[in-house]
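Work through the two exercises below with the sequence and the structure open beside you. Try each task before reading its solution.

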Amino acid sequence: MADESTELPKVITIDGPSGSGKGTLAARLAVHYGYNLLDSGALYRLLGLKAEQQGLFVDGSFRDSIVPTTQLVNLALHLDIQFVPNQDQQLVVLLDGNDVTQTIRTEQAGSLASQVAVIPEVRVALLQRQHDFAVLPGLVADGRDMGTVVFTDAPAKIYLTASAVARAERRVNQLRNMAIDANMSDILSDIEARDRRDTERAVAPLKPADDALFVDSSSKGIEEVFAELVSYIDSRIQ
Ligand code: C5P
């Protein structure tokens with residue numbers, strides 16, 4: 001029998017572009033395996049929001065031509081955030097004790113997130129916070145660089161993608177279900193801009209880990225993808 005004191009959390013990483021379905025699948029996998037869940041995109045969204053509240057952004061762009069790296073790192077290190085399950089087992093996200101669950105899901109918050117995420121010092125400042133989510137028995141970590149940077153030793157790594165159009169359609173439906181107004185062509189160009197920023201950035205660019213399972217979900221239903229992922233993970237994790 002494994003000695004509990006030396007047993008390490010098992011980590012499953014899911015990386016991919018926004019709208020690939022990885023958020024939904026990561027949450028389902030966490031429930032399925034009884035593992036903790038890290039939504040790393042939420043950390044970047046929360047930091048973007050906090051920076052905006054502090055006046056570092058004006059009209060969606062950094063206020064000054066010089067990027068405020070030091071202030072952002074400070075905010076990242078001291079972010080007061082909590083993820084609290086509600087009675088439906090959905091996570092309520094608190095920033096400084098205030099419920100920002102819906103606010104961080106807007107396209108604007110996504111854009112702020114991807115601007116703070118290109119700064120290497122900010123990514124380093126958020127590393128320890130992400131590692132802290134890895135607790136026994138395991139973790140499902142959802143993001144862009146979970147398998148390539150944050151949890152390189154993870155025994156199961158997944159790269160989930162879909163065409164930009166398929167992802168934009170999903171995002172429009174998701175936002176409308178949350179009663180957030182959404183326009184298809186705006187969302188598509190936003191997704192394409194964010195993809196470019198995420199894949200072309202110098203540090204931790206979005207790309208599959210060499211040892212990741214690559215899944216294109218453009219023409220697959222969620223159940224089909226879920227079954228494919230479970231069968232892969234079961235083969236990697238005892
Ligand atoms: O996954 P989500 O769409 O919530 O992420 C928002 C943004 O945060 C991404 O577009 C990306 O720029 C950034 N991000 C990142 N690394 C992660 C997760 C998110 O750079 N691990």
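**Exercise 1.** In this predicted model, compare the expected span of helix α8 (residues 164–177) with the distance between its end C-alpha atoms, and then find which of its residues are buried and what covers them.

*Solution.* Begin with the length: helix α8 has 14 residues, and because the expected span is 1.5 Å times one less than the number of residues, a value of 20 Å is expected, which agrees with the 20 Å that separates the end C-alpha atoms.
Next, apply the cut-off for burial, under 20% relative accessible area, by which A164, A166, R167, A168, R171, V172 and L175 of α8 are buried.
The cover over these buried residues includes α2, α4 and α9.
Finally, look just past the helix, where α8 is followed by A179, a residue with a positive phi near 60 degrees.

**Exercise 2.** Describe the surroundings of the ligand, from single polar atoms to the elements that supply the shell.

*Solution.* Start with the residues: 17 of them surround the ligand, and the closest are R45, R123, R144, D198 and R201.
Sorted by class, the shell holds eight charged, five polar and four nonpolar residues.
Then turn to the atom pairs, in which a polar side-chain atom of R144 lies 2.8 Å from a ligand oxygen, a side-chain N or O atom of R201 is 2.9 Å from a ligand oxygen, and for R194 the corresponding distance is 3.1 Å.
As for area, the ligand taken alone exposes 450 Å², of which the protein buries 97%.
Two or more shell residues come from each of α2 (40–53), α4 (107–116) and α9 (184–200), and α2 gives the most, with four residues.

Notes
Residues are numbered from 1 along each chain as its sequence is written. This is a predicted model: local features need pLDDT of at least 70, side-chain atom pairs count only at pLDDT 80 or more; totals for chains, interfaces and linings use all residues. Side-chain values use heavy atoms; hydrogens and water are left out. A residue is near a molecule or strand if one of its heavy atoms lies within 4 Å of it. A polar contact is a pair of N or O atoms within 3.5 Å; within protein, one must be able to donate a hydrogen and the other to accept it, and residues adjacent in sequence count only if both atoms are side-chain atoms. Accessible areas come from the Shrake-Rupley method with a 1.4 Å probe; for residues, only the protein chains shown count as cover. Ala, Val, Leu, Ile, Met, Phe, Trp, Tyr, Cys and Pro count as nonpolar, Asp, Glu, Lys and Arg as charged, and the others, Gly among them, as polar. Buried means under 20% relative accessible area, exposed over 50%, partly exposed in between (1.4 Å probe, protein chains only). Contact means heavy atoms within 4.5 Å.
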